[in-house]
Amino acid sequence: MNWADTILQGVLLGGLYALFAAGLSLVFGIMRLVNLAHGDLIVLAAYLILVLVDTLNLNPFIALVIAMPIMFGVGWLLQTYVLNRTLGPDILPPLLVTFGLSVVLQNGLLQVYSADSRRIPSGYLDTASISIGSLHVGVMPLLTFFSAVAVILILNRLLYATELGRAFRATSDDAVTAGLMGIQPNRTFAIATGIAMAIVAVAALYLGTRSNFDPTIGPARLIYAFEAVIMGGLGSLWGTLVGGIILGMAQTIGGAINPEWQILAGHIAFVLVLLFRPRGFFPRAVD
Amino acid sequence: MALLETHGLTAFYRDFQALFGVDVTLDAGETLAIVGANGAGKSTLMRSISGVLINGARQILFDGRPIGALAAPQVMALGIAMVPEGRKLFPSLSVEENLLIGRYGRATKGPWSLETVYRLFPILKERRNNPGTALSGGQQQMVAIGRALMSNPRVLLCDELSLGLAPVVIRDIYAAFPAIRESGASIVVVEQDIGQAMKIADRLYCMMEGRVTLSGRPSELNRAAIHAAYFGADS
Amino acid sequence: MDGQTTIWRVETKTRASTAFAIVAALAICAGLAAPMYLPRATLQDLFFILTMLALAQSWNLLAGYAGLVSVGQQAFVGLGAYVMFAGVVLLKLDPLVAILLGGIASALLAIPAGIFAFRLQGAYFAIGTWVVAEIVRLLVAQWKMLGGGTGTSLPASATRHMQGVDLVHRMFGFRPAQAVDVVCYWLALLLAVAVIFMVYRLLRSRHGLALASVRDNQDAARAVGVDARRLKALVYLVSALVTGLVGALIYVQKARISPDAAFSVTDWTAYVIFIVVIGGIGTIEGPIVGVLVFFALQKLLADFGSIYLMVLGLIGIVVMLFAPQGLWGLFASRTGIQLLPVRRLLRGGPIKN
């Protein structure tokens, strides 16, 4: 096994997982909501991009630019009309409603698109690679990783250097007092979910171009996203990137030893990290 | 016409009634004090006015407008800012960010800005980048007041400013009040400490068990009357 | 005060519950005699209803009473079933004994699973249980002796020689395959009744009172000495045991297993959650109502594949948003009737109840 190549692939795969996780991390950080339909929303976005590419004959990246505001709208509507009703001290409603949503999304997509595997074509980028020293690195995995870094950079700037970001952090601390500042928590949550869905669209592009997808692969992506967030530590976006990289590396190393062990290796790494660092690597001090 | 007035204000926490028809008036430029024991309904009154609690629309009038049924963000935008009980600073924000967030819902120009708030409470400028809650109780109270001032409110509601603070710190905080009055804000202060209330207020209301039991100018009220109104006639 | 001493009693009986107890006893007798007069297909339907009911009661105890929302119970269904298969296929055990083994194995799995999952809170606990289920599924799929990823079947001879099959054959004259169904049905009836009885007894005991206090306000409960962690761990363990037993029983009847089926999130978590939510979470009567609604819907719509699941999901969402107490909860709050009451009532003094 070529260690250098395997680890590099793992790091780059981590970028994809960090993209899956970034939206989840943002939403949980602000409103303590875990959306069990998150993975299925990624799949929904992938189908959206596929439809845009197929019917409008677009380059996938152009399709992404169109898909992002659409997904923002989906997130905004979802939060405003469904998820905002579930927020409160009881943990059951958001869990059960998003679980139901996951079932509805998967089966809705199955009805419309059937269980056939699809893939978003990316032309020559599919197989393009560049050489770094003695290693060959795919262009798409590199793009994925740098997109993940860019997304997290932008999110951090948003959270810490803008008025909206201040409103997000204040609302997450104390929604009632935030109201006294003129912040309307429900609208803030809707914007946050909208942003999360826009990020989901980015993740969907890289998921859909990298490998085949079908309506049922959502839950597995949710689990990877969740594992990345928890390993990184709740409340830290850079931590989410680190968590994604750990997961990616565990999977590629496990997979290099035995292809059947790839996914299992990721789960085992997750369990091990949690046993030794129950709050992840970079937990927020206040929670 | 009074700036802010309540008419037969009632308030409920689910089935529990906390206010039984409270009438309070605040004229422009006045400083009002509301005193009473724990559970008298003072904080409930503040929460009702600021919109944290929703009441009957015409039970609270601001500039003659019915605002009783409005929620906090809308009340705040009209110019009524609250310094909540227990300070309630945002731990995820720095001192300066806590101040800035006070302008989120109402970015009106006026005498109060970061600069003038720092002049009122110089210690905060030194600590501007510290997390909001990494300050002493008295300094946190200053941040909370500054945060409310940032929206250049017409009415400032102060709920239990002196709770948990040492007397010398309380003095320092109330020392800032003349500057606040001069800037044109009308103030309502909720206090358990009657002496302090008498010192700063133009008029005083006493509450007990959800009702107003006494009102008047400090000069007109004697200790015995206040004592009776505070604790109840028999005690 | 007057010279009389009033004797206070704490009871949970109500008039409706006494009436229900009688009806339930009659129903159980009728259920036991069912093989005599019901066709095989109906018995199979009842088997499905009773096993789903047992799973739902178990999940309800976990989520509705202990506040532990698990979306990973399929780990115990699958492991219980696979250990049963191992017992029959590899150790040549009687399937009934193997079912017990499956239950025990699931309970044992609950120990490391719980140690891991309890490090997480709320929604993250939920997904943590899902991760555990995935790990067990992936490991079991490596078990080549039981068919690996494609699975295997129970040899017909093993089930035909199960304890009780012979008895049924002689009592009713059924052929062996049908006799197996009858035995499985009786076991399902036994399990469902036992689980309901156990949950009812638990909730009426002081442990049940402790559980309710933990659910309402964990800190206050700890302040009066309730060990919340131990209680929750106990409930998690018991729930795993029951789920394992039911899983093993289900697969004795199915006689064919594969990792994807035995560890299916849809069959063993989605359906169960639906049943509990629609019926009414946090009540014992709720899952009973829920399983009947679920069965009816399945009979009506099962031919429609994914549309059926979409309808289930949508109903679940709507109920959770607008009637979170479920159908039974709505009924009970309107009428005040409790059939399996666990609320303590103070009786005996001058105050009339």
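Two strands are taken to pair if DSSP finds at least two bridges between them, and in this predicted model strand S6 (residues 80-83) and strand S7 (residues 155-159) of chain B meet that condition, pairing in the parallel sense over four bridges. The briefing below begins with chain B, moves to one helix of chain A, and ends with the two contacts that chain A makes with chains B and C.

**Chain B: overall form**

- The secondary structure of chain B amounts to ten helices and ten strands, and its C-alpha atoms fill a box of roughly 50 × 35 × 35 Å along the principal axes.
- Because a compact globule with 235 residues would have a radius of gyration near 18 Å, the 17 Å of chain B agrees with that expectation.
- Of the 235 residues in chain B, 47% are buried, and among contacts between residues at least 6 apart in sequence, 67% join residues at least 24 apart.

**Chain B: strand S6 and its partner**

- Ile80(B) and Met82(B) point one way from S6(B), while Ala81(B) and Val83(B) point the other way, and all are buried.
- Within the pairing of S6(B) with S7(B), the bridge partner of Ile80(B) is Val155(B).

**Chain A: helix H11**

- Helix H11 (residues 262-276) of chain A has 15 residues and should span 21 Å at 1.5 Å a residue, so the 22 Å between its end C-alpha atoms agrees.
- The buried residues of H11(A) include Leu264(A), Ala265(A), Gly266(A) and His267(A), and also Ala269(A), Phe270(A), Val273(A) and Leu274(A).
- The cover over these buried residues includes helix H9 (218-232) and helix H10 (237-257) of chain A, together with helix H4 (95-117) and H5 of chain C.

**Contact between chains C and A**

- On this contact, 32 residues of chain C meet 30 residues of chain A, and helix H5 (122-140), helix H13 (265-279) and helix H15 (306-322) of chain C each supply at least two residues of the side that touches chain A.
- H15(C) gives the most to that side of chain C, with eleven residues, and the residues of the side divide into 25 nonpolar, five polar and two charged.

**Contact between chains B and A**

- Chain B brings 21 residues to its contact with chain A, which brings 17 residues, and helix H2 (72-78) and helix H3 (95-101) of chain B each supply at least two residues of the side of chain B concerned.
- H2(B) gives the most to the side of chain B that touches chain A, with four residues, and by class this side has 14 nonpolar, four polar and three charged residues.

Key. Residues numbered from 1 in each chain as written. Chains lettered and ligands numbered in written order. Predicted model: local features only at pLDDT ≥ 70, side-chain atom pairs only at ≥ 80, totals over all residues. Contact = placed C-beta atoms within 7 Å. Nonpolar A, V, L, I, M, F, W, Y, C, P; charged D, E, K, R; others polar. Rg over C-alpha atoms; globule rule 2.2 N^0.38 Å. Buried ≥ 20, exposed ≤ 12 C-beta atoms within 10 Å, placed from the backbone. Expected span 1.5 Å × (residues − 1).
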